[in-house]
Amino acid sequence: MTSDIETGSKLIDGKAIAATLRARVAEHVARLRDTYGITPGLAVVLVGEDPASQVYVRNKNRQTKEAGMASFEYRLTEDTQEQELLDLIGRLNADQAVHGILVQLPLPAHLNADLVINAIDPAKDVDGFHISNVGLLATGQKAMVPCTPLGCLMLLRDHLGDLAGKEAVVVGRSNIVGKPMAQLLLRESCTVTVAHSRTRDLGEVCRRADILVAAVGRPAMVPGEWVKPGATVIDVGINRVEPEGGGKARLVGDVDFDSAAQVAGAITPVPGGVGPMTIACLLANTVTAACRAAGLPEPEGLTA
Ligand code: NDP
């Protein structure tokens with residue numbers, strides 16, 4: 001789903017594509033309920049008071065219910081002890097009404113995030129961060145795929161169809177976005193380069209890309225002159241920028257949209273690009289987990 005923007009690039013409409021995915025999720029949920037008596041359930045655990053996390057969790061809760069799924073929310077205080085959190089995860093692992101478990105990151109500093117994430121049953125790890133899912137993805141096996149890279153891949157497939165043979169550059173190598181994104185693109189038979197803060201001549205590297213994914217966390221750091229004419233640009237960055245002289249903060253991506261849109265073949269906006277896909281993919285992963293738990297075939301159109 002793309003639309004022309006004044007610059008000549010096509011705008012990849014993440015909002016519309018996410019709405020289509022959510023509708024597909026809701027159809028699968030209704031079928032699971034009506035045919036098998038299964039209601040997919042997602043448990044979200046939030047520790048502490050981080051304001052951004054609170055907003056994410058509220059949105060996840062609302063969209064889960066809107067899709068007809070069960071939403072279980074656990075809000076724990078900032079000073080929660082690790083064992084308490086591990087005990088809760090143990091109970092959720094054993095709970096048959098819970099098909100997906102998500103622990104909202106970042107966790108407070110006194111909690112070991114790796115230990116906590118790896119305590120989740122990999123079959124319920126709808127964020128795809130458990131070491132087993134990381135390994136399954138890396139070895140090309142059936143995994144739970146992290147939501148943001150999965151959403152990016154769906155946007156790319158929607159716009160480009162077959163990705164085989166394309167030069168892909170991913171800027172950023174985090175475990176939650178950059179690395180799994182690179183794995184997915186490799187699985188699609190792209191030729192993949194992963195760039196990071198120590199990459200030399202980043203502009204030159206980016207200019208090779210037919211597909212350029214920016215996941216850095218630095219406002220507008222990728223200028224138009226780093227974009228190959230006709231390339232497809234996926235901007236994962238969400239940066240809150242306070243205008244000089246005060247006023248309302250605005251969200252900008254890692255790509256300088258105005259200059260990049262002059263040269264790109266297609267580009268995602270921020271907001272309204274990758275962001276809406278992330279939660280839609282979380283819902284999709286929960287339905288996939290519910291189907292797998294019941295031994296049912298993989299739901300169509302929800303996995304990569
Ligand atoms: P991290 O901070 O974990 O990783 C950032 C990566 O960018 C690192 O690999 C880092 O390199 C690299 N980097 C930093 N500076 C530079 C530079 N100057 N040149 C090249 N590479 C650089 O971030 P995340 O992956 O978690 O998130 C990235 C962005 O995506 C953020 O804006 C975040 O808000 C957004 N995001 C959006 C989501 C959505 O739903 N749309 C979901 C998740 C994240 P090095 O490893 O060398 O330090």
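Which residue in β7 is the bridge partner of Val170? A few notes on this one, bearing in mind that it is a predicted model.

1. To take the opening question straight away: Val170 has Val194 as its bridge partner in β7. The two strands behind that contact, β6 and β7, run parallel and are paired over five bridges.

2. Val170 has a bridge partner in β8 as well, and there it is Val213. β6 and β8 are parallel too, with four bridges joining them. So if you want a residue to click on while looking at this part of the sheet, try Val170, which has Val194 as its partner in β7 and Val213 as its partner in β8.

3. How enclosed is strand β6? It spans residues 167-171, and four of its five residues are buried, so the rest of the structure largely encloses this strand.

4. Follow the chain on from β6 and you pass through α7 to β7; together these elements make up a β-α-β unit, and it is right-handed.

5. Now for the charged side chains. The structure has eight salt bridges. One of them is between Arg157 and Glu188, at 2.8 Å from N to O. Arg157 sits in helix α6 (residues 147-160), while Glu188 is in the loop between α7 (178-187) and β7 (191-195), so this pair links distant parts of the chain, 31 residues apart. The partners are not equally covered: Arg157 comes out as partly exposed at 32% relative accessibility, whereas Glu188 is buried at 14%.

6. Another salt bridge pairs Arg207 with Glu204, with N and O 3.0 Å apart. Arg207 is partly exposed, at 32% relative accessible area, and Glu204 is also partly exposed, at 42%.

7. Lys228 and Asp210 make a salt bridge too, their closest N and O atoms lying 2.7 Å apart. Both ends are in loops: Lys228 between β8 (211-214) and β9, Asp210 between α8 (202-206) and β8, so the contact ties together parts 18 residues apart in sequence. Lys228 is partly exposed at 28% relative accessibility, and Asp210 is likewise partly exposed at 23%. Some salt bridges share partners as well: Lys142, Arg292 and Glu298 are joined that way into one network.

8. Last, the surface. Tyr56, Ile238 and Leu251 form a nonpolar patch of about 270 Å². Of these residues, Ile238 can be found in the loop between β9 (232-235) and β10 (239-241).

Conventions: Residues are numbered from 1 along each chain as its sequence is written. This is a predicted model: local features need pLDDT of at least 70, side-chain atom pairs count only at pLDDT 80 or more; totals for chains, interfaces and linings use all residues. Side-chain values use heavy atoms; hydrogens and water are left out. Patches are made of residues with over 30% relative accessible area and no salt bridge: like charges are joined within 9 Å, nonpolar side chains (Val, Leu, Ile, Met, Phe, Trp, Tyr) within 5 Å. Accessible areas come from the Shrake-Rupley method with a 1.4 Å probe; for residues, only the protein chains shown count as cover. A salt bridge is a side-chain nitrogen of Lys or Arg within 4 Å of a carboxyl oxygen of Asp or Glu. Buried means under 20% relative accessible area, exposed over 50%, partly exposed in between (1.4 Å probe, protein chains only). Two strands pair if DSSP finds at least two bridges between them. A crossover is right-handed if, with the strands pointing away from the viewer, the path from the first strand over the helix to the second runs clockwise.
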